[in-house]
Protein chains: 2
Amino acid sequence: MHHKQHVRVFLTKLGILVNRQIILASRPTGLPCPENFRMIESSVPVPGEGEVLIRHTHLGLAPAARLQMGEAASYRAPMKIGDVIYGQALGTVLKSRNPLYREGDVVMIQDGGWQEYSISDGHAVTKVESDIAPLTVWLGALGTSGMTAYVGLLDFGLPQMGETVVVSAASGAVGSMVGQIARIKGCRVVGIAGGQEKMTHLRRDFGYDAAVDYKDAAFDEALREACSAGIDVYFDNVGGHVRDVAWPLMNRNGRIVVCGQISEYNDSPASGPGWFDILARRLSVRGFILSDHANRRPDFLRDMGAWYREGRIAIREEVQEGLDLAVPAFIAMLQGKNSGKAIIKL
Amino acid sequence: MHHKQHVRVFLTKLGILVNRQIILASRPTGLPCPENFRMIESSVPVPGEGEVLIRHTHLGLAPAARLQMGEAASYRAPMKIGDVIYGQALGTVLKSRNPLYREGDVVMIQDGGWQEYSISDGHAVTKVESDIAPLTVWLGALGTSGMTAYVGLLDFGLPQMGETVVVSAASGAVGSMVGQIARIKGCRVVGIAGGQEKMTHLRRDFGYDAAVDYKDAAFDEALREACSAGIDVYFDNVGGHVRDVAWPLMNRNGRIVVCGQISEYNDSPASGPGWFDILARRLSVRGFILSDHANRRPDFLRDMGAWYREGRIAIREEVQEGLDLAVPAFIAMLQGKNSGKAIIKL
């Protein structure tokens with residue numbers, strides 16, 4: 001028996017809950033490697049007045065965590081060495097000293113982190129209604145990924161019926177929702193992703209009108225052909241080369257929603273396209289961070305909930321079991337290997 | 001006596017009006033040179049049914065003409081070799097076969113061109129009220145330059161009281177209006193221009209709170225110091241290096257109005273700044289072309305007219321006399337040598 005398991009069994013016998021946590025061991029350079037992470041065990045803290053203790057059942061992985069592993073402050077403070085890796089979690093309230101939550105409540109925790117338990121004062125915790133949708137859907141379509149797609153596309157992309165909407169990382173947790181919302185809004189939707197399998201997901205599962213493979217040697221031409229009427233809205237999840245290929249296809253008065261730049265998260269940021277086009281084509285390039293738009297949550301839940309119930313939103317999830325798998329699943333996601341929402345079941 | 005003058009005198013004696021015109025002789029590479037232009041003479045056309053013949057009294061020079069001298073279509077079709085150089089003109093109606101205009105009416109002609117006479121069907125011609133402001137003001141503050149500043153700053157820059165607004169080419173025809181409108185709106189206004197003389201214009205004539213010289217070796221640091229609270233609105237007339245220095249100073253939710261990229265008009269366009277900042281700082285980068293926003297003209301004339309009458313708008317004009325001077329004045333403007341609106345009096 002492993003030493004750590006010894007300790008765990010020992011502590012458990014004493015009635016002390018053990019919290020397994022994945023922490024930042026060192027800052028990655030480029031693509032993270034397993035050595036940048038470390039699994040540690042600590043005792044589960046006791047909730048104070050107004051706090052709840054939550055046992056995590058699922059973690060939602062998101063590329064943004066890579067950003068906070070770097071030293072530079074971006075839209076969230078960087079993790080410190082030794083911090084639990086940032087991430088959303090689903091869980092059950094185990095103990096509550098907050099009148100708004102009861103033991104047994106199922107909740108989504110915005111800052112749960114890659115661990116088995118977390119404590120919260122109720123801030124950034126949302127009760128989940130499991131009668132509306134399976135639990136994990138609250139990490140994806142009805143969670144941050146879906147709301148990012150909803151706010152970004154509708155508030156900043158301003159898609160009009162009949163327009164061409166292009167989405168990069170189109171089979172991802174956010175991209176697949178952007179594509180489907182754009183379809184619901186009557187747009188022609190072109191998805192960009194990598195590899196033949198994803199092309200199938202885009203066309204068959206998510207109903208994209210056209211799917212273009214950025215790994216294909218003829219990508220530039222294929223995108224141009226798929227967008228014969230130009231691009232009215234480009235929902236940019238990736239930045240870099242894919243964005244640069246989409247750029248010259250932008251129509252006059254086109255809108256570019258800058259939601260993610262995942263192709264640059266592992267490297268130093270690339271330079272952007274020349275600005276003359278912004279002027280000549282009256283483009284609008286708009287960056288946004290979902291946390292600024294919490295006021296849109298009721299609208300999002302009303303609309304997305306309805307579309308989901310009506311069967312108009314297809315969901316893809318890649319669920320793996322065990323906290324140990326969070327690190328390899330996260331690295332695979334940054335390499336563009338997943339399709340749909342990446343979830344770790346605990 | 002010069003051969004051309006002979007012809008002119010001869011035609012004039014016959015009662016035929018001679019129109020001197022500056023045409024595009026060849027497309028410039030880089031900064032235009034005098035050889036790219038040619039002065040020709042032609043007979044003044046006779047207005048047809050619904051048309052008016054206008055004698056130009058003033059030409060307004062604008063950097064945008066450089067764009068249309070190149071081969072690439074931008075927001076306006078390129079000139080063809082032999083075309084009269086594009087430009088606004090002020091003039092007097094000489095003959096009218098259009099019931100909306102009478103002989104003697106003073107008008108501003110959007111597409112008058114660098115010539116002594118033009119024919120118009122009344123489209124893109126505006127009657128000018130000389131009792132409100134001196135004629136030439138209709139080429140600058142109350143003309144396209146002023147309206148570009150008004151629409152760009154107010155509709156896309158969305159300046160809020162107390163915010164820091166930075167303007168490049170700040171002493172130019174558009175920039176000087178942006179700075180003054182921003183001051184009227186209660187913003188702290190920082191102007192960027194080149195050379196000590198312009199620094200004086202910015203501070204003394206236009207009332208900028210701070211003036212920064214991009215030709216100064218310590219420009220980067222000076223701009224940072226002048227914007228100690230960051231930049232909320234960057235009104236970009238120049239692109240290139242100046243834009244790249246302003247970029248890292250942009251505040252969260254900052255707005256960048258892309259109005260001109262004059263530093264790149266003579267060269268191939270440069271690449272833009274990396275897009276990660278757009279995301280992390282929730283920036284909005286918006287290009288616009290005034291001609292899309294004609295519906296704002298009544299608001300513009302109401303507000304700008306009032307500000308002008310109240311003495312809140314200072315005007316700088318650089319007036320030179322003679323069509324011959326249009327070419328050297330235009331080249332000097334592209335070199336950043338003018339301050340205020342460049343006007344040719346005929």
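**Exercises on a predicted model**

The side chain of Ser168(A) makes a polar contact with the side chain of Tyr234(A) at 3.2 Å, where a polar contact is a pair of N or O atoms within 3.5 Å and, within protein, one must be able to donate a hydrogen and the other to accept it, residues adjacent in sequence counting only if both atoms are side-chain atoms. This is a predicted model, in which local features need pLDDT of at least 70 and side-chain atom pairs count only at pLDDT 80 or more, while totals for chains, interfaces and linings use all residues. Residues are numbered from 1 along each chain as its sequence is written, chains are lettered from A and ligands numbered from 1 in the order in which they are written, and side-chain values use heavy atoms, leaving out hydrogens and water.

**Exercise 1.** Determine whether Ser168(A) is buried or exposed.

*Solution.* Begin with the relative accessible area of Ser168(A), which is 1%. Buried means under 20%, exposed over 50% and partly exposed in between, with a 1.4 Å probe and protein chains only, so Ser168(A) is buried.

**Exercise 2.** Describe how α3(B) and α4(B) are oriented to each other.

*Solution.* Take first the angle between helix α3 (residues 144–157) of chain B and helix α4 (residues 175–184) of chain B, which is about 50°, with the axes 8 Å apart; axes are lines fitted to C-alpha atoms, for helices over the stretch in contact, and angles run from 0 to 180 degrees between N-to-C directions. Angles under 35 degrees count as roughly parallel, over 145 as roughly antiparallel, 65 to 115 as roughly perpendicular and the rest as oblique, and therefore α3(B) and α4(B) are oblique to each other.

Note on methods. Helix = DSSP H or I, 4+ residues; strand = E, 2+ residues; numbered from the N terminus.
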